[in-house]
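Trainee: I would like to take a close look at one part of this protein, namely the enclosed space inside it and what surrounds that space.

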Amino acid sequence: MPNAIVKNRCSGLPAPKRALFTRFQSDEDGAMSYLAVTGALVMMVFGGIGVDMIHTELKRTKVQNALDRAVLAAADLENTMDPTFTVNDYMRAMGMEDALGGVTVSDSLTERTVTANASIRMPSNFLSLVGVDTLQAAGLAEASESRNKVEISLVLDVSGSMANNNKLTNLKTAANEFFDTVLTGANQDRVSISLVPYSEHVNAGPAITQNLNVNWDHSYSHCLELPDSVFSSTALNSAITYDQVQHYNWNYYGNNDLNAPVCPEHSYERITPFSQDAAALKAQINALQPRAGTAIFAGMKWGTALLDPSSQGLNSNLIATGNADPAFAGRPSAYGDGETIKTVVLMTDGQHDFSNRIRSDYYNSPEWVDTWANNNLWYYLVNNVPSYEWGNYYEQRYNMAYGDSLLDSVCDAAKASGIVVWTISFEGQEHGESVMQNCASSPSHYFDVEGTEISEAFSSIARTITQLRLTQ
């Protein structure tokens, strides 16, 4: 019927136009079937999904790039900020602080690994047509940095009070366990230890002191008077001339006891520099005996000097004379070389004590030097000098406040140079504990222990140093 109507309407047209209209009416070219329409719609949906996926991938790439930069900065061993804070700060700067999921940090003296993840959820455009309302752009990044050389100065108090309560025995056990932990086969030629026993003085030994300018008065021992000026830095000043510490014994017992001079005289009481010989270090530790007073500042000064690059020439000479391990040629490494950890482990059982010297009038000739080599100071005074003149023979060189000040100076210099300072107060007094806390690199680098807990402190420090395998 409609066609009839169309035909009737066309019947009045001229023949040429009527023929053209008839052909248009019957032509089916360009007509879309239902299948073609459906296919077109499907193609549009998949194209839209592709747009969603491309948008998600671009966002994921942005998240990943931000994470990569964040963990690289956080894993940098020169970075002094908290690694977790560093990652958060980077993501905040990139406007992605809400995307950050979690941060994991594995940290030791020789290696740091930082892992972080982040994700962003965003609404979909075309995928919502198939029931997916949101998309997630996620990233995971991990970065690590390692150092493969460690220089340790082990600075140990062997003053007279270490004879009490088995303290020296417990120290020996702890130190031996420390050597077993850090001087392993895996760390061969990587970890060097300089052992610095100290009491009222430090016996540097002939191998070290022959490389310095010294005013020698006797041959009994090799302790040096350290001028105040050297405590403002970690370096061992080789440009000055040092005075030798006097050789004499000080006690109040009334007998002529000559077994405990204020400067330790035995070979096992000397500094052992740049060693990895665990057996020799253990033998030296096990031979130590308590003596005299406490000069923590002197021990710390020698400990830092053996980590300072200025001692490279000294080490070269020690190696040449067979007094240091050739594997450690070139040490102490330069500060900030990027591959070396420098650390001091400083232990004391007390606090700074006074330290006296014989007045120069009574130590100015070989005869007087021999007198004090053969007579305990107080034995000589009681038997040869009127009591009212005793005070003329000696004078005080250091007291507690003076010693604290020098220790503060050298501890500050060590930390400013990048040396990691661990301190251990072993059954110490309250004042000494405060001084040791102040010297440590941080509160977590300070230990306050009693009895066999000292082994736990040394073990904790050793595990931190070797927590992760040292890598090339």
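Trainee: By class, how many nonpolar, polar and charged residues does the lining of the second largest cavity have?

Mentor: The model is a predicted one. The lining of the second largest cavity has four nonpolar, six polar and two charged residues. Its volume is about 40 Å³, and the residues around it include E200, G293, T294, A295, H352, D353, Y398 and G403.

Two of these names recur in an open space. G293 and D353 are among the residues closest to the centre of the second largest pocket, together with G160, W250 and A292. That pocket holds about 590 Å³ and is lined by 28 residues; by class, eight are nonpolar, 14 polar and six charged.

Y398, which helps to line the second largest cavity, also lies among the residues nearest the centre of the largest cavity, with H201, L224, L226 and A298. The largest cavity has about 100 Å³ of space. Of its 13 lining residues, nine are nonpolar, one is polar and three are charged. Helix α8 (296-305) and strand β7 each supply at least two of them, and α8 gives the largest share, three residues.

Strand β7 leads on to the sheet. Three strands form an open, mixed sheet in the order β6-β8-β7. Because β6 (213-215) and β7 (224-225) stand at the edges with a single partner strand each, one side of each has no neighbour in the sheet. β7 runs antiparallel to β8 (residues 241-244), to which two bridges join it; E225 has D243 of β8 as its bridge partner.

Terms used:
Residues are numbered from 1 along each chain as its sequence is written. This is a predicted model: local features need pLDDT of at least 70, side-chain atom pairs count only at pLDDT 80 or more; totals for chains, interfaces and linings use all residues. Side-chain values use heavy atoms; hydrogens and water are left out. On a 1 Å grid over the protein atoms alone, a cavity is a set of points where a 1.4 Å probe fits but cannot get out, and a pocket is an open set with protein on both sides within 12 Å along at least five of seven lines; lining residues have an atom within 4 Å of a point. Grid points are joined across faces, edges and corners, and a volume is the space filled by probe spheres set on the points. Ala, Val, Leu, Ile, Met, Phe, Trp, Tyr, Cys and Pro count as nonpolar, Asp, Glu, Lys and Arg as charged, and the others, Gly among them, as polar. Two strands pair if DSSP finds at least two bridges between them. Helices (H or I, at least four residues) and strands (E, at least two) are DSSP runs, numbered from the N terminus.
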